[in-house]
Amino acid sequence: TRDFPPGLFVDLAELGFFALKIPESEGGRGLSQVAYSHIIELANSYSTAVGILLSADNTIGAKFPVMNYGTPEQKSRYLPELMQTPSAFCFTEKDVGSDPARMSTYALRIKERLGKIKGYILTGEKWYITNAVWEDGKPLAKYLAVVAKIVDDREQVAKSECFGMFIIRSDAVGVEIGPRNKFCGMRGIYNATVKFKYVLVEPSELIGQEGQGFKIALEAL
């Protein structure tokens with residue numbers, strides 16, 4: 001049918017499938033990479049769509065950045081919800097291909113008079129975002145891990161090498177979830193284009209430091 005029964009997400013959460021590599025001390029399953037791989041293998045033997053859902057969430061979703069680079073406050077804020085729902089990873093763009101350093105999505109710094117950063121304004125578009133959409137225009141993932149260039153001026157985007165990793169709520173003002181994509185051989189995945197139109201981002205939604213976003217993304221991948 002190409003669609004999961006809604007109750008399946010609840011069952012997966014109760015069994016700990018959205019917390020496979022999160023340490024037991026944080027409430028997760030604490031699996032090693034080898035054990036995790038066996039879980040994904042088993043899921044794929046029944047449905048590749050389930051395997052992709054779990055892999056996109058546990059490997060490159062919002063959990064890796066928060067777990068490995070988040071502050072204690074960010075972990076306590078995000079992890080309880082992230083262990084109950086799938087998350088998504090926003091990295092790929094239309095005209096970038098295999099060179100994501102050329103991405104055009106940017107986060108414009110908002111500064112106070114003395115230069116302290118009050119937040120960011122996120123603008124751009126990400127393609128092929130697994131777990132992004134439930135129905136056309138309606139998100140599946142509650143949180144999106146978004147990689148963007150951090151700049152002081154829009155003219156700096158092309159040359160900037162300062163990347164940030166942000167955790168953005170999919171229902172935030174300015175986030176638009178596109179229609180569900182279809183792929184040959186991967187029937188059933190919940191994938192869409194996501195647009196960010198002047199999304200206001202709090203400093204606490206930056207994971208790690210400015211400049212670490214690309215590094216965090218590659219480590220997750």
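This is a short chat about Thr 130 and strand β6 in a predicted model.

Reader: Before we start, what kind of model is this, and how is it numbered?
Author: The model is predicted, so local features need pLDDT of at least 70, side-chain atom pairs count only at pLDDT 80 or more, and totals for chains, interfaces and linings use all residues. Residues are numbered from 1 along each chain as its sequence is written, and side-chain values use heavy atoms, with hydrogens and water left out.

Reader: Cool. Where does Thr 130 sit?
Author: In strand β3, residues 117-130. Strands here are DSSP runs of E, at least two residues, numbered from the N terminus.

Reader: Is Thr 130 buried or exposed?
Author: Buried, because its relative accessibility is 15% and buried means under 20% relative accessible area (1.4 Å probe, protein chains only).

Reader: And what does Thr 130 touch?
Author: Leaving out residues up to four places away in sequence, Thr 130 touches Ile 52, Ala 56, Ser 87, Ala 88, Tyr 190 and Asn 191. A contact is heavy atoms within 4.5 Å.

Reader: Ala 88, hm. Which residue is its bridge partner in β6?
Author: Leu 144. Strand β1 (residues 88-90) runs parallel to β6, joined by three bridges; pairing takes at least two bridges found by DSSP.

Reader: Switching to β6, how many of its residues are buried?
Author: Nine of nine, across residues 143-151.

Reader: What about β2 and β7?
Author: β2 (residues 106-111) is parallel to β6 with three bridges, and Ala 107 stands opposite Ile 150. β7 (residues 163-169) is antiparallel to β6 over seven bridges, with Lys 149 opposite Phe 163.

Definitions and conventions:
Helix = DSSP H or I, 4+ residues; strand = E, 2+ residues; numbered from the N terminus. Buried < 20%, exposed > 50% of the residue type's maximum accessible area, 1.4 Å probe, protein only.
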